[in-house]
Each structure stands twice: as C-alpha cells, then as structure tokens.
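Please open the model in your viewer and keep a selection panel at hand. The tour below moves from the whole chain to single residues, and at each stop it says what to select and what is there.

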Amino acid sequence: MISRLSTTILLAVMLTLAACRAPRPAQPASDIGVTMSLSVAPNPPQVGNATLVLTIMDEDGQPINDAQVNIRGDMNHAGMQPVLRDSSTGREGDYTIPFEWTMGGDWFIVVTADLPDGLTVEEEFEFTVDGEMMMDNIDMATEEMDMPMTEEASGS
C-alpha cells in the first residue's frame, strides 16, 4: 500500500514539474535557418487599420504553416500602449494579421513564432508610419490648453 501511494505521489510531482517547465526562450530566426519577412498594406504605412502579412520559410525555402504567431507593435519612444495581435492560420507560409497603427512615427514590430517542431523564433521589423495621432478629441484638448486662466484657476 505504501508503495502504491509513493508511486502515485511521485507521478503527481513529475507531471506537475513537466507542466511548470519554463518555455524555451525565443531565438533569432536566422540562427536556425528560418526566414521571416513582414509586409504591410497599405504601403507606405499610415495611421489607422492595416494588414500585416508575415511569411515564414524553413532553411530549404519551404513554407512553414501551423505556427503560433504573436505580434507586438511598439513605437520607438516610451509611453505608448503596444498593439498586440496573434494568428495561427498560415497558408503557404503566409500569415495575414489585421493591425492598427495608432500614431504616426517610428515603430518596431516584434514577431514571435512558436513553430510546429517546438522551436520559438523571433524577428524585429521597423516601419515609419505616416500620419498623426488618432484621437477624436485632439482639437478639444488643444483648445482647452489655449484657454485663458480664470482668476480662480490662476490663484489670484
């Protein structure tokens, strides 16, 4: 009876450890012969809705399908909320991902792909987006800043 209990506890511990195993760190795609390219429509990129097309190929130039793709779009300055997207549907190595450029300026897109063979690869792409910040109330905020201060607000 003790032997069965010990075996059960050991099995439970092993399963727990296997489930808690840290994921493999992402490595640059080129380190393992994988190539990733990223295009955007419309091109050149503009503030607003866009479509990213990621192409993933193996070292023999064959398309890689069934990868789990994660996209993180950040501006090159602090303070902006990142744009996050994902996809797991690739056809002939092409993954089409809806995206939104939330502000004009310099962006970098980090693509992380969990490949079907268990490897995780990562690549960074840079884009310059035409346009201004997308805010419905930007004119209102500017007008508020230009308003003269009242005696109460100025402390007089």
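Accessible areas here come from the Shrake-Rupley method with a 1.4 Å probe, and for residues only the protein chains shown count as cover. With the whole chain selected, the accessible surface comes to about 10700 Å², of which 54% belongs to carbon and sulfur atoms. This is a predicted model, in which local features need pLDDT of at least 70 and side-chain atom pairs count only at pLDDT 80 or more, while totals for chains, interfaces and linings use all residues. Residues are numbered from 1 along each chain as its sequence is written, and side-chain values use heavy atoms, with hydrogens and water left out.

**The whole chain**

Colour the chain by secondary structure, taking helices (H or I, at least four residues) and strands (E, at least two) as DSSP runs numbered from the N terminus. The chain has three helices and nine strands, and their succession along the sequence reads α-β-β-β-β-β-β-β-β-β-α-α. Next, colour by burial, where buried means under 20% relative accessible area, exposed over 50% and partly exposed in between, with a 1.4 Å probe and protein chains only. Of the 156 residues in the chain, 26% are buried. If contacts are drawn (heavy atoms within 4.5 Å), residues 24 or more positions apart account for 60% of those with a separation of 6 or more.

**The four-stranded sheet**

Select strands E2, E3, E7 and E6, which in that order make up an open sheet with antiparallel pairing; two strands pair if DSSP finds at least two bridges between them. Strand E2 (35-41) and strand E6 (90-91) stand at the edges, each with a single partner strand, so one side of each is left without a neighbour in the sheet.

Begin at the E2 edge, where seven antiparallel bridges join E2 to strand E3 (residues 48-57), and where a hairpin of six residues connects E2 to E3. Within this pairing, Val40 can be found opposite Leu52 in E3. Moving across the sheet, E3 pairs with E7 in the antiparallel sense over eight bridges, and Leu52 has Ile97 as its bridge partner in E7. As you step along a strand, a general rule may help: in a regular strand the side chains alternate between the two faces of the sheet.

At the other edge, two bridges join E6 to strand E7 (residues 94-101), again antiparallel, and Arg91 stands opposite Asp94 in E7.

**Gly90**

Which residues does Gly90 contact beyond its neighbours within four places in sequence? Select Gly90, in strand E6, and the contacts to show are those with Asn65 and Tyr95. At 17% relative accessibility, Gly90 counts as buried. Its C-alpha atom is separated by 8.9 Å from that of Pro63, which is 27 residues away along the chain.

**The aromatic cluster**

Now select Phe99, Trp101, Trp107 and Phe127, which form one aromatic cluster. Rings of Phe, Tyr and Trp (its six-membered ring) pair if their centres lie within 6.5 Å, with planes under 30 degrees apart counted as stacked, over 60 as edge-to-face and the rest as tilted. A search of the whole structure finds four aromatic pairs. The rings of Phe99 and Trp101 have centres 4.8 Å apart and planes at 70°, so this pair is edge-to-face. The rings of Phe99 and Trp107 have their centres 6.3 Å apart and their planes at 80°, so that pair is edge-to-face as well. Phe99 is buried, with a relative accessible area of 2%, Trp107 is buried with a relative accessible area of 2%, and Trp101 is buried too.

**Two polar stops**

Select Arg72 and Asp74, which form a salt bridge with the closest N and O atoms 2.6 Å apart; the term covers a side-chain nitrogen of Lys or Arg within 4 Å of a carboxyl oxygen of Asp or Glu. The structure holds one salt bridge. Asp74 is buried, with a relative accessible area of 10%, whereas Arg72, at 38% relative accessibility, counts as partly exposed.

Finally, go to Thr112 in strand E8 (residues 105-114), which counts as buried at 18% relative accessibility. A polar contact of 3.0 Å joins the side chains of Thr112 and Glu122. Such a contact is a pair of N or O atoms within 3.5 Å; within protein, one must be able to donate a hydrogen and the other to accept it, and residues adjacent in sequence count only if both atoms are side-chain atoms.
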